[in-house]
Amino acid sequence: MSRAEMDALGWDQCDVILVTGDAYIDHPSFGMALVGRLLEAQGYRVGIIAQPDWHNVESFRALGKPRLYYGITAGNMDSMVNRYTADRKIRSDDAYTPNAEPNKRPDRAVTVYAQKAREAFPGTPVIIGSIEASLRRIAHYDYWSDKVRKSVLTESKADLLIFGNAERALVDLTRRLEMGEKIKEIKDLRGTAFLVPHGWLPSGEWAVHNSNRVDVPGRVDPHPDPYAMAKEDKKECATENAAPEPVVKPVIIMSREERLAAAKEKHNKTVVRLPSYEVVKEDPVMYAHASRVFHLESNPGNARALVQQHGDRDVWMNPPPLPLAMDEMDGVYDMEYSRAPHPSYGNANIPAWEMIRFSVNIMRGCFGGCTFCSITEHEGRIIQSRSEPSILREIEHIRDKTKGFTGIISDLGGPTANMYRLSCKEKEIEETCRRLSCVYPSICVNLGTDHSKLIQLYRKAREIKGVKKILIQSGLRYDLAVRSPEYVKELVTHHVGGLLKIAPEHTESNVLSKMMKPGIGAYDEFKAMFEKFSLEAGKKQYLIPYFIAAHPGTSDEDMLNLALWLKKNNFRLDQVQTFMPTPMAMASAMYHSRKNPLHKVTDTSETVETPRTLKQRQAHKAFLRYYDPKNWPILRETLRRMGRGDLIGDGERHLIPPYRVGEENFKPSQGKRAMPTLAPGQQKRGAGLPPPAHISRGGKPNALTGSMTARATVETKARPSILDTIKVKPKAAPAKTGSRPGRK
């Protein structure tokens, strides 16, 4: 972090200098600490420059010239996601910065940092990595500039990009540079990408397959007209029609094993050429096709190298890294982390640290394949789990080392809390599988869904002396959980602190199919189990559902139906999410191309209409908070435009009330409606006003109070469904609705 620290260690030079857009926190949940400790364990001197002033090149010279290379990362988040909201507005805070101070990192931080590092010490190798580099390794749609951008390799001028789980590639790369290899010569590491001259191949043994051999994108080039007349050229025809000299090839008889080995060798020396940047930036169909092929070639067991032309150069991507074995995962997480922010921050509050300081990461990867999520593109579909002893040791370290520990572990999880140690039943099947999800459209018959090892881990963790409570707050895949009622009972009885967050994301099947999420029936099944086991445990506990507004494929009618479902179930969502297209996610390809890469993409295939205008996206978000008076004006306008003005009124069957004078001063209620905040001296208007905010239907107090993600009143008898009383108009054809918002 500083020259003074180098002097204290007796270092005259760092072997590797890592640059990050986050504050430095020595904890394995932060990639910079994990990478730094990993290289340190290999005997290298590692310096870290956290949140440098990118306007001043001297910030990148603070630790001197690295002996081997600069390692560049934007941090734990993509810098654009970190800095901007889904409405492209600059955020007012940064969770990864001391005191949440904003504007401590540049837009497209990987590119800016790499260029500054190159300027600081020309000739020093520059390696880029982390989620920002990983998700921008090929031509990608960029939501913030609303265009397809080139690979980050071309913009950053980096020598090498490491994507995905970087441990093996990083250690191998560092060792080879240490032994004197040139960075430009290292082109065989899995999980790396680099620039080469157009047409470059590792050797003459390699073959090139165009992407349409993986998935045919439909008619790209016009078919020749068989009736077209052409001038006869006898000389040319004679040349073309001349029979070639026969090539005599010996017949080789091979065993089945030899044939399979030869086929595998050929497969491993085949590169799939994606449509070029110049093509995908202009042709949305080809962009969606490239996205589909990219995801089909993502299983490390069978993925081939990919290449994409950018002008006179190619971006070459080696196959994804092989998953870490359990002992390798243990080695990464068992290193001597101080489990605290760098002392230079003093008592500053770093929100991201406060969130995870008492949590334990037990696994990586996710085989859910949700199209709006980039975890799969970065960490892969293969679950990589730590051993039980390693996890239990970390809990003890938190108890003994982490300041402020009160006996509560805030989370035992990862990308998905209940995928710990779940895998394909057969390794051979796993290595040949090309499914985009193991759980959609249904749970694969080859997927092991036994939660017994996770249950055993929970029980042993609870027995650790000094641990009072272990909560589970990572996302839960509830369609998997219901396969193990014992797990649901264990979770509900011991590991829910009153509220459990899960993510149905939507209620409408056509939207869920674009998300690759299960139907709402799976939520209902889990909810029944949750309530049953909560009752048996004598606890009042509640599910907190998350939903996404304005996802590709979502119509106004879909959001209306979701709002009606929320009203039927008396949910009050405090925190809601508007879809944000992140680089390389399949839903982002849908947003940009209006095509569905989950299926074969052609110019005549399914059109995915997507809310694109700010006004429509805000209306969709407003549907999720239909009870908030601030949203009533835009909802009234939207409902009238939809021909659904019948939903505006004061009755039970209505979604929002008609306009009232002074409603701009109303506050969101916790019950049926909102109460006005009266100005001093203003008389109360009894007629037509809703009941007090702390009283729910029937005069009973609300079951939940305070700030939370969702609130629900508990009632002893079921209420009639709003959906049973309202008929939604059938959807009109796209051509008649004036859809494709944002098109000009």
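Q: In this model, are Glu-394 and Arg-339 buried or exposed?
A: Keep in mind that the model is a predicted one. To count as buried, a residue needs under 20% relative accessible area. For Glu-394 and Arg-339, the verdict is that both are buried.

Q: How many residues apart in sequence are the parts that Glu-394 and Arg-339 tie together?
A: The side chains of Glu-394 and Arg-339 meet in a salt bridge, 3.0 Å from N to O. Glu-394 sits in helix α15 (residues 388-401), while Arg-339 is in the loop between α12 (326-333) and β14 (340-341), so the pair ties together parts whose separation in sequence is 55 residues.

Q: Which residues does Ser-390 contact, leaving aside neighbours within four places in sequence?
A: Ser-390 is another resident of helix α15. Its relative accessibility is 0%, so it counts as buried. With those neighbours set aside, the contacts of Ser-390 are Asp-330 and Asp-334.

Q: What is the separation of the C-alpha atoms of Ser-390 and Ile-362?
A: Ser-390 lies in helix α15. Along the chain, Ser-390 and Ile-362 are 28 residues apart, and their C-alpha atoms are separated by 9.0 Å.

Q: Which residue's side chain is joined to that of Ser-390 by a polar contact of 3.0 Å?
A: Ser-390 is buried, with 0% relative accessibility. Its side chain takes part in a polar contact of 3.0 Å, and the partner side chain belongs to Arg-386.

Q: How many salt bridges does the structure hold?
A: Side chains of opposite charge can pair when their charged atoms come close. One such pair here is Arg-636 with Glu-663, at 2.7 Å from N to O. For the whole structure, the salt bridge count is 49.

Q: Which residue is partly exposed in the salt bridge of Arg-459 and Glu-490?
A: These two side chains meet at 3.1 Å, N to O. The pair links distant parts of the chain, with Arg-459 in helix α17 (residues 452-462) and Glu-490 in helix α19 (residues 485-494), 31 residues apart. Glu-490 has a relative accessible area of 6%, so it is buried. At 36% relative accessibility, the partly exposed residue is Arg-459.

Q: What relative accessibility does Glu-663 have?
A: Glu-663 pairs with Arg-636 in a salt bridge of 2.7 Å, N to O. Arg-636 lies in helix α25 (residues 632-641) and Glu-663 in the loop between α25 and β25 (666-667), so the bridge ties together parts 27 residues apart in sequence. Arg-636 counts as buried at 5%. Glu-663 counts as buried too, at 4%.

Q: Which residues are linked with Asp-78 in a network of salt bridges?
A: A salt bridge can belong to a wider network, and Asp-78 is a case in point. The residues linked with Asp-78 in its network are Arg-108, Arg-136 and Asp-142.

Q: Why are Tyr-478 and Tyr-523 classed as they are, and what is the class of the pair?
A: The structure comes to 19 aromatic pairs in all. In the pair of Tyr-478 and Tyr-523, the ring centres are 6.4 Å apart and the planes stand at 80°. Planes over 60 degrees apart take that class, so this pair is edge-to-face.

Q: How many residues apart are Tyr-478 and Phe-526, and which helices hold them?
A: Tyr-478 is buried at 2% relative accessible area. Tyr-478 and Phe-526 form a tilted aromatic pair, 6.2 Å centre to centre with 40° between the planes. This pair links distant parts of the chain: 48 residues apart, in helices α18 and α21.

Q: Which residues join Tyr-478, Tyr-523 and Phe-526 in one aromatic cluster?
A: Tyr-523 is buried, with 1% relative accessible area. Tyr-478 and Phe-526 are buried as well. The cluster is completed by Phe-530, Phe-547, Trp-565 and Phe-571.

Q: What is the distance of Arg-612 from the ring centre of Tyr-591?
A: Arg-137 lies over the face of Phe-163, 4.0 Å from the ring centre. Arg-612 lies over the face of Tyr-591, and there the distance is 4.2 Å.

Q: Which residues does Glu-430 touch, not counting residues up to four places away in sequence?
A: Glu-430 is found in helix α16 (residues 427-432). Its relative accessible area is 13%, so it is buried. The residues Glu-430 touches are Asn-299, Ile-382, Ser-423 and Cys-424.

Methods:
Residues are numbered from 1 along each chain as its sequence is written. This is a predicted model: local features need pLDDT of at least 70, side-chain atom pairs count only at pLDDT 80 or more; totals for chains, interfaces and linings use all residues. Side-chain values use heavy atoms; hydrogens and water are left out. Rings of Phe, Tyr and Trp (its six-membered ring) pair if their centres lie within 6.5 Å; planes under 30 degrees apart count as stacked, over 60 as edge-to-face and the rest as tilted. Buried means under 20% relative accessible area, exposed over 50%, partly exposed in between (1.4 Å probe, protein chains only). Helices (H or I, at least four residues) and strands (E, at least two) are DSSP runs, numbered from the N terminus. A charge sits over a ring if NZ of Lys or CZ of Arg is within 6 Å of the ring centre and within 35 degrees of the ring normal. Contact means heavy atoms within 4.5 Å. A salt bridge is a side-chain nitrogen of Lys or Arg within 4 Å of a carboxyl oxygen of Asp or Glu. A polar contact is a pair of N or O atoms within 3.5 Å; within protein, one must be able to donate a hydrogen and the other to accept it, and residues adjacent in sequence count only if both atoms are side-chain atoms.
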